[in-house]
Amino acid sequence: MKKILIILDGIVAKKLLQRIIETNTGDNSYDVIYMNEAILTDKRPSNFTFFKFDPTSKSKLAMVLDKDIHAQALIALNSKDEMLSVIKNIKEEKPKMQMSILDYWGIDLSDQYINIYKGIDVLANGMVERLPNIPVVAQNIGLKQGEIMEIRIPFGSSYAYRYIGSIEQREWKIFGLYRKQQLIKIKPSLILKPNDVILVIGKPEVLMQVYNAIGKTQGQFPMPFGHNLYLYLDLYLQSTETVKKCVVEVKYLNQLIKNQKLIIRITRPTTVALMQFIKYELGDEDNLVIEIDYGNLGFDTLLKKDLKVFDIGLMMISYELFKNKEGISKLVDLRIPILKSGLGDIKTIKNSLILLNDTKSYEQISPIVFDVSSQLKLKTKIFDMEPSGQRNKSYILDHFENLAKIFGQKVEIVSGERNPIRELKNQENILQILPLKKDMFVKRKLSSFFYTNSDLLSFDIKENNQLLIPVVEN
């Protein structure tokens, strides 16, 4: 639930408050600051808190700002001086708070955190649109049922730092993107960032689902990659113990994460007893689908087929199948998260662990880290270790700490100049979350400089369970 600050006074205040209350879904909570009782409505939902005082009072405003972390402020006041005073007071307390202000006076502010809605222009445009041969806004295009929508990407959204090509778009499509008031060309490798505004088209009911998914900051994974959890089993290559372990653990995950179906893909079945174990262990799962390959079609063919049919959002695969890295290298091209099941028991995991490497990749996976941690009820631990002590990672550390506040989670940062791989091997009951990269599936030579890359070195550790998130590497 996001906390919204609303500051109201003047001729449009009552209508604006009434409209906010009418569209209240319960997903937000509101702090409303007002000066005149006349703007209040009879209906006062429980997620609204009202404060009566002059918002130009810096000390009183500071008390409300300090009480909670507000995701955004909406301000409509009766005078230009009051508006500028309130903006100044908020900027001094919360310099990065997003503000939307109603302007009737031609306020000129160059600030990326302030959205200005010019009241006179809104009224004029509404009347001009009634004239013939005049371009109309999106709400009046097509069937006029809401099949075109503008959506802002909030901080902490599971869609933030995702490249457009990795987002499943069925019955809807992203066709435009605005960043810092500039129209950006849409391409699959384009990464969505917080505060981007996307234009989407599709069925109205589908767009509302997309809007709700984008606006929520947790509990969405495996979206936006897909809806279903998928376990791949090769009974010929995997030991009986590993197969049983994977089946038990995927059942556990199916009960925790927000997936719609559990897909079990079995290839090259061996003993009847093992097949019976799988069906018996998963027999009480209502959303279960079991697919068996008797013809040995091969890894690539099966994955290509299943990806089209099953809307896979998370694929689970045992570490044993990673021994032939080149043979399963097409996993990178699937652009879906991979849960690499290690020797450790997933059911005993207590911490999600991030071993920081390059800033770009870890910024992309950061919202997924906290989403997964919230669903699996894990504490997040970050290793900031560099034996040489040379690289400055203050930006990415600040980024993770800010996201932790948005998700309402705590993050433990472990710093030092120790060997990070050695420290990682000493950890127990962890889920390491790291970027999925092509170089992980390349045979490494002794002379290769990649042996200093912590992502590649930790990828080879079979003791830990690892969640690999696809990223844009270019």
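Is Gln-427 buried or exposed? In this predicted model, Gln-427 is buried, with a relative accessible area of 19%, a value that falls under the 20% cut-off and therefore counts as buried. The residue belongs to the loop between α12 and β19, and, once residues up to four places away in sequence are set aside, Gln-427 touches Leu-353, Lys-381, Phe-383 and Asn-464. Leu-190, by contrast, lies 237 residues from Gln-427 along the chain, and the C-alpha atoms of the two are separated by 36 Å.

The loop between α12 (420-425) and β19 (430-436) also holds Asn-429, which is partly exposed, with a relative accessible area of 32%. Asn-429 has a positive phi of about 55 degrees although it is not a glycine. Most residues other than glycine have a negative phi. A further example is Arg-268, where phi is near 50 degrees, again a positive value in a residue other than glycine. Arg-268 is found in the loop between β12 (262-267) and α7, and with a relative accessible area of 24% this residue is partly exposed.

From Arg-268 the chain can be followed into helix α7, where Met-275 lies. Met-275 is buried, its relative accessible area being 11%, and, leaving aside neighbours within four places in sequence, Met-275 is in contact with Leu-235, Ile-266, Pro-269 and Ile-292. Leu-303 is 28 residues away from Met-275 along the chain, and 21 Å separates the C-alpha atoms of these two residues.

Helix α7 can next be considered together with helix α6. Two packed helices are described by the angle between their axes and the distance between the axes. Here the axes of α6 (residues 240-254) and α7 (residues 272-281) come within 10 Å and cross at roughly 10 degrees; because angles under 35 degrees count as roughly parallel, α6 and α7 are described as roughly parallel to each other. On the α6 side, Thr-240, Val-243, Lys-244, Val-247, Val-248 and Lys-251 take part, and they meet Leu-274, Phe-277, Ile-278 and Glu-281 in α7. Sorted by class, this contact of α6 with α7 has 6 nonpolar, 1 polar and 3 charged residues.

The nonpolar interior comes next. The largest nonpolar core has 71 residues, and those with the most contacts inside it are Leu-233 and Met-315. Helix α10 (residues 359-376) gives the most to this core, contributing 7 residues. For Met-315, the contacts that remain after leaving aside neighbours within four places in sequence include Tyr-230, Tyr-232, Phe-299, Leu-303, Leu-331 and Leu-334, and also Ile-336, Pro-337, Ile-338 and Leu-339. A second core, separate from the largest one, has 21 residues, among them Tyr-159, Ile-167, Ile-174 and Leu-192.

These local details sit within a chain of 474 residues, of which 50% count as buried. The chain contains 13 helices and 20 strands, and its C-alpha trace spans about 75 × 55 × 40 Å along the principal axes. Among the contacts in the chain with a separation of 6 or more, 75% are accounted for by residues 24 or more positions apart. The chain exposes about 24000 Å², and carbon and sulfur atoms supply 51% of that area.

Terms used:
Residues numbered from 1 in each chain as written. Predicted model: local features only at pLDDT ≥ 70, side-chain atom pairs only at ≥ 80, totals over all residues. Heavy atoms only, no water. Core = buried A, V, L, I, M, F, W, Y, C linked by side-chain atoms within 4.5 Å. Buried < 20%, exposed > 50% of the residue type's maximum accessible area, 1.4 Å probe, protein only. Helix = DSSP H or I, 4+ residues; strand = E, 2+ residues; numbered from the N terminus. Contact = heavy atoms within 4.5 Å. Axes fitted to C-alpha atoms, helices over the stretch in contact; angles between N-to-C directions. Parallel < 35°, antiparallel > 145°, perpendicular 65-115°, else oblique. Nonpolar A, V, L, I, M, F, W, Y, C, P; charged D, E, K, R; others polar. Areas by Shrake-Rupley, 256 points an atom, 1.4 Å probe, with all protein chains shown as cover.
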